[in-house]
Amino acid sequence: MKQGVALEVMLAGHSVMLTGSAGAGKTYLLNQFIRLAKSDGKHVSVTATTGLAATHLGGTTIHSWSGMGINDFLHQSLIENMSKTRREIIERTDVLIIDEISMMHDFRLDMVDEICRAVRKLDEPFGGIQVIMSGDFFQLPPINRGSSRTGGFVVNSRAWQELDPVICYLEEQHRQDDEELLSILNAMRADELRQYHVDKLLSRLNVEDDTDEEMTELHTVNVDVDKINESKLQLLEGDEVTYTQATTGSQNYVDNLQRSVLAPPVLKLKLGALVMAVKNSPDQRKYFNGSIGTVIGFEPVTDYPIVEFKNGKVVSMVPDAWELRDGDKKRASITQIPLRLAWAITVHKSQGMTLDSARIDLRKAFVEGMGYVALSRVKNLHNLYLSGINRMALQISDDAKNIDVVLRSKAADDAKRFAHLGEQAASRAKGELKTKKTKKASTSWQAKIAKMREVHPNAYMPWQKADDVLLKEKFQQGVSVKELSDLLGRHEGSIVMRLQKHFGEDIS
């Protein structure tokens with residue numbers, strides 16, 4: 001199915017499974033749909049099965065959104081004791097996005113369905129919410145651990161069967177531009193990997209890069225990644241420049257968001273450091289999540305790093321923000337330079353990225369689909385450099401293969417069923433279809449902070465220990481939030497969130 005038709009199917013209110021190979025444009029299409037649905041006045045809850053995937057869309061985990069947390073079974077007390085805020089979020093939701101659905105257990109999708117029905121008091125799939133699931137079953141599967149409840153892919157759930165989503169199988173390829181690499185990846189998906197595919201892959205084993213450019217290495221375990229990045233940075237001459245993140249929200253939400261943000265809490269850089277953008281450029285498409293570049297200087301006043309990306313763009317990298325949202329409510333934010341050291345990164349954290357080139361070490365691959373995720377990060381075979389590979393790296397789940405056969409069959413029927421939307425998709429692409437609302441022109445993050453500090457001089461400044469002591473003391477003496485705001489030079493919302501951190505979320 002074409003992206004445009006899939007978009008129209010979702011905008012028409014149908015529940016959908018959005019799938020396709022790595023690089024098919026699933027995240028891009030989701031972002032497009034979210035923007036248009038919100039502009040039409042719909043309440044969109046954006047979630048994913050992991051915090052990392054959620055940050056790509058500016059959402060939260062499905063576990064947090066639904067209130068099920070890490071529970072393996074749904075107890076009646078969970079719904080009875082659900083907070084008023086959580087209930088309101090679920091009640092108000094028109095559209096529920098669940099990204100990286102391949103990593104969700106079947107029983108957990110059933111739990112989300114039961115929660116939505118109970119809270120909304122409507123015995124329909126997900127209480128009548130339009131559900132958009134997105135993911136690729138050939139990528140990382142649900143993980144069963146120890147004594148925890150075991151399960152399989154979501155297609156085995158009762159909720160999936162009752163929802164009966166439209167299958168939007170994206171066939172276009174927006175990442176790979178090389179028939180050789182595409183042939184290998186498609187052969188892995190079709191379980192038709194032949195010796196000549198393996199030989200082509202092994203021809204990239206221990207090949208030296210003749211461009212003398214540094215490139216990112218993909219490894220399967222964190223310890224290897226951290227060791228490489230630290231040692232490479234220490235080899236560079238010159239002074240280290242350090243950037244410390246700023247946060248808002250109660251600590252438990254900040255900690256939750258922190259696990260998902262690829263930019264480190266403390267970013268250390270030097271002249272010549274190899275870096276990776278960990279967010280798309282907010283304007284002018286100067287860089288993308290995964291773009292590689294080199295630090296070539298620092299701004300004279302702010303010390304912001306100046307990066308020359310491999311696409312030739314030279315950009316002064318300014319702080320950007322990540323948010324943890326729960327429906328329409330913002331729970332936490334992290335502001336940091338959207339970079340990380342890029343001599344090495346894990347395969348897991350590379351999911352969703354497009355890399356110009358990469359050296360990939362798959363000798364320690366330990367789960368089906370890991371090799372497919374790693375190999376599909378680059379655009380062509382000539383920019384793929386293998387340090388090693390094991391047999392597991394070439395494995396794809398048998399369940400994933402069987403599921404794909406079923407999905408493709410239903411997707412073909414659904415494509416015929418909605419073929420009439422092609423004309424509408426073409427009109428939207430030409431800009432002939434208008435949304436109901438238009439967004440106001442965005443203001444830069446720096447300008448917003450500067451404006452806020454005219455009234456609240458300490459807005460977005462780190463909280464000092466003395467500030468916290470004064471805050472708690474005055475609050476316990478009965479001083480109002482407004483008075484605390486004036487006393488501490490911070491916005492009233494910031495005061496409330498800090499009080500919630502110290503005294504619990506019932507503070508308002």
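**Exercise 1.** Determine whether E230 is buried, partly exposed or exposed, and place it in its surroundings.

*Solution.* E230 counts as partly exposed because its relative accessibility is 43%, where buried means under 20% relative accessible area, exposed over 50%, and partly exposed in between (1.4 Å probe, protein chains only). The next step is the secondary structure, in which E230 belongs to helix α11, residues 222-235; helices (H or I, at least four residues) and strands (E, at least two) are DSSP runs, numbered from the N terminus.

The model is a predicted one, in which local features need pLDDT of at least 70, side-chain atom pairs count only at pLDDT 80 or more, and totals for chains, interfaces and linings use all residues. Residues are numbered from 1 along each chain as its sequence is written, and side-chain values use heavy atoms, with hydrogens and water left out.

**Exercise 2.** Characterise K121, starting from its phi.

*Solution.* The phi of K121 is near 55 degrees, a positive value in a residue other than glycine. Most residues other than glycine have a negative phi. K121 lies in the loop between α7 (106-120) and β5 (130-134), and K121 counts as exposed because its relative accessibility is 70%.

**Exercise 3.** Carry out the analysis for N206, starting from its phi.

*Solution.* N206 has a positive phi, near 60 degrees, and is a residue other than glycine. Its place is in the loop between α10 (195-202) and β7 (216-219), and with a relative accessible area of 52% N206 is exposed.

**Exercise 4.** State how many helices and strands the chain has, and what share of its residues is buried.

*Solution.* The chain has 20 helices and 20 strands, and of its 508 residues 51% count as buried.
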